[in-house]
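Below is a brief report on helix packing and on one pocket. Keep the sequence and the structure in view while reading.

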Amino acid sequence: MPSRPLDAIRPHDEGMAVADRAEASLVHRTAEGELQSFEQLYRAYHPRLTRFLDRLTRRPALVGELLNDTMLVVWNRAASYNGQSKVSTWIFAIAYRKAMKALSRLDEPLPDEPDDDQPAPPESGPEYHAAQAQIREVLAQAMDHLSFEQRAIVHLAYFHGISCREISEIVGCPVDTVKTRMFHARRRLKTLLAGRLEDWL
């Protein structure tokens, strides 16, 4: 893909670039043993990784352990971060591998639990909150029927706004494979959700 000229970069892109550089700086200072920088990374990624790991594994009891294991790798291997990808891509890839290995050691079925960690806007009334809770429950139940790989891709794309190229780095497969998995996941979700959300959407 050809690079865009500088005058085509939007202010949002510039803001993201600044944020990416700031996070990279935190990783480099963590590699030098600066605990305060690591704590900043931990606070920044704790809510994002919690949501990701919860949706991916559907095992709330496992999330805290996986999150801490992920951030321990960040602390111990910060020096290995080479800046060729975003910090978020690097950290989510670690979390993905940790979750995949943990689930491979377990053989009991995944729990069927609603996901309600995405709050509705505070100005919304109780009816809106109730409808959103119902939507989240239906979506969570539908996503439980996707494969581990499909859940990861859907969550990264729709809940974190991560591009297909970055997702391919996180899950370790070609971009075309990411797109294929997304296609099949969306088709599966469309079938599972048929007739269930019309009253709320």
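## Helix 2 against helix 3

Helix 2 crosses helix 3 in a right-handed sense. The model is a predicted one. The angle between helix 2 and helix 3 is about 145 degrees, and their axes lie 9 Å apart.

Helix 2 brings L35, F38, L41, Y42, H46, L49, T50, L53, D54 and T57 to this contact. Helix 3 answers with P60, V63, L66, L67, N68, T70, M71, V74 and W75. By class, 13 residues of the contact are nonpolar, 5 are polar and 1 is charged.

## Helix 2 against helix 4

Helix 2 spans residues 35-57 and helix 4 spans residues 87-104. The two pack at an angle of about 40 degrees, with 11 Å between their axes. Angles under 35 degrees count as roughly parallel, and those from 65 to 115 as roughly perpendicular. Helix 2 and helix 4 are therefore oblique to each other. Their crossing is right-handed.

On the helix 2 side, the contact residues are L41, Y45, R48, L49, F52, L53, L56 and T57. On the helix 4 side, they are V87, S88, I91, F92, A95, Y96, A99 and L103. The contact of helix 2 with helix 4 counts 13 nonpolar, 2 polar and 1 charged residues.

## Helix 3 against helix 4

Helix 3 covers residues 60-76. Its axis comes within 9 Å of the helix 4 axis, and the two cross at roughly 130 degrees. Helix 3 and helix 4 are therefore oblique to each other. Here too the handedness can be stated: helix 3 passes helix 4 in a right-handed crossing.

L62, L66, D69, T70, V73 and V74 are the helix 3 residues in this contact. W90, I91, I94, A95, K98, A99, A102 and L103 are the helix 4 residues. The contact of helix 3 with helix 4 divides into 11 nonpolar, 1 polar and 2 charged residues.

Some residues serve two of these contacts. L41 of helix 2 meets helix 3 and also takes part in the contact with helix 4. L66 of helix 3 is in the contact with helix 2 and in the one with helix 4. I91 of helix 4 is in the contact with helix 2 and in the one with helix 3.

## The second largest pocket

The second largest pocket holds about 280 Å³ of space. Its lining consists of L139, M143, V154, Y158, F159, R186, L189, K190 and L193. By class, 7 of these are nonpolar, none is polar and 2 are charged.

Which helices supply at least two residues each of this lining? They are helix 5 (126-143), helix 6 (148-160) and helix 8 (175-193). Helix 8 gives the largest share, 4 residues.

Key
Residues are numbered from 1 along each chain as its sequence is written. This is a predicted model: local features need pLDDT of at least 70, side-chain atom pairs count only at pLDDT 80 or more; totals for chains, interfaces and linings use all residues. Side-chain values use heavy atoms; hydrogens and water are left out. On a 1 Å grid over the protein atoms alone, a cavity is a set of points where a 1.4 Å probe fits but cannot get out, and a pocket is an open set with protein on both sides within 12 Å along at least five of seven lines; lining residues have an atom within 4 Å of a point. Grid points are joined across faces, edges and corners, and a volume is the space filled by probe spheres set on the points. Ala, Val, Leu, Ile, Met, Phe, Trp, Tyr, Cys and Pro count as nonpolar, Asp, Glu, Lys and Arg as charged, and the others, Gly among them, as polar. Axes are lines fitted to C-alpha atoms, for helices over the stretch in contact, and angles run from 0 to 180 degrees between N-to-C directions. Angles under 35 degrees count as roughly parallel, over 145 as roughly antiparallel, 65 to 115 as roughly perpendicular and the rest as oblique. A crossing is left-handed if the near helix is turned anticlockwise from the far one by less than a right angle, and right-handed if clockwise. Contact means heavy atoms within 4.5 Å.
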